[in-house]
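User: I'd like to go through this one and ask what lies behind each label. Can you walk me through the reasoning?

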Amino acid sequence: MGRPTVRPGWLFHHAVCGARLDRASYCAGCGRTVALEEVEARPGPGLRDDRHEDQVSLALRTPHRMLHPIS
């Protein structure tokens, strides 16, 4: 019996170049660990279907920069 497939709820990318970051916020595209201000969170394939319709829940369904206000 194999291990279950992990489907991440969130994917983290370097906002400057678009490369996906690893768990340590390392960007292979730029060859460095990036600051939180340069991280963009994107909904991943494992994100649960959120039926909430409030402003924050709706905003989090789209890519957004970390530490930036949700508008």
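User: Let's start with A24. Where is A24 found?

Analyst: Keep in mind that this is a predicted model. A24 sits in the loop between β1 and β2.

User: And why is A24 called exposed?

Analyst: Exposed means a relative accessible area over 50%. A24 has 54% relative accessibility, so the label exposed applies. Going by C-alpha atoms, A24 is 8.9 Å from V34, and ten residues separate the two in sequence.

User: S25 is in the loop between β1 (10-14) and β2 (26-27) as well. Why does S25 count as partly exposed?

Analyst: Partly exposed covers whatever falls between the 20% and 50% cut-offs. S25 comes out at 25% relative accessibility, so partly exposed is the right word.

User: What is there to say about phi of S25?

Analyst: Phi of S25 is near 65°, which is a positive value in a residue other than glycine. L67 is another such case, with phi near 70°. You'll find L67 in the segment after β5 (64-65).

User: Is L67 buried or exposed, and what makes it so?

Analyst: The bar for exposed is over 50%. L67 has a relative accessible area of 60%, so L67 is exposed.

User: Now H13. Which strand does H13 lie in, and what does H13 touch?

Analyst: H13 lies in strand β1. Leaving aside residues up to four places away in sequence, H13 touches G18, A19, R20, L21, E38, V39, E40 and R42.

User: Why is H13 called buried?

Analyst: Buried means under 20% relative accessible area. H13 has 9%, so H13 is buried. Across the protein, 21% of the 71 residues count as buried.

User: On to the cysteines. How many disulfides turn up?

Analyst: Zero, in a search of the whole structure.

User: Why is there no bond at C27?

Analyst: A disulfide needs two cysteine sulfur atoms within 2.5 Å. For C27, the closest cysteine sulfur is in C17, at 3.5 Å, so the two are too far apart for a bond.

User: And why none at C30?

Analyst: It's the 2.5 Å cut-off again. The closest cysteine sulfur to that of C30 is in C17, 3.7 Å away, and therefore too far for a bond.

User: What do the accessibility values make of C27 and C30?

Analyst: C27 has 0% relative accessibility, so C27 counts as buried. C30 has a relative accessible area of 37% and is therefore partly exposed.

User: Stepping back, how many helices and strands are there, and which pattern do they follow?

Analyst: The protein has one helix and five strands. Along the sequence, the order is β-β-β-β-α-β.

User: How does the radius of gyration of the protein sit against that of a compact globule?

Analyst: The protein has 14 Å, whereas a compact globule of 71 residues would be near 11 Å. Along the principal axes, the C-alpha atoms fill a box of roughly 45 × 40 × 15 Å.

User: What about contacts between residues at least 6 apart in sequence?

Analyst: Of those contacts, 48% join residues at least 24 apart.

User: Last one: what do the surface and the charges look like?

Analyst: The accessible surface is about 5500 Å², with 54% of that belonging to carbon and sulfur atoms. The protein has 10 positive and 8 negative charges, and their mean positions are 8 Å apart.

Definitions and conventions
Residues numbered from 1 in each chain as written. Predicted model: local features only at pLDDT ≥ 70, side-chain atom pairs only at ≥ 80, totals over all residues. Heavy atoms only, no water. Helix = DSSP H or I, 4+ residues; strand = E, 2+ residues; numbered from the N terminus. Rg over C-alpha atoms; globule rule 2.2 N^0.38 Å. Buried < 20%, exposed > 50% of the residue type's maximum accessible area, 1.4 Å probe, protein only. Contact = heavy atoms within 4.5 Å. Areas by Shrake-Rupley, 256 points an atom, 1.4 Å probe, with all protein chains shown as cover. Lys, Arg positive; Asp, Glu negative; His and termini not counted. Charge placed at Lys NZ, Arg CZ, Asp CG, Glu CD.
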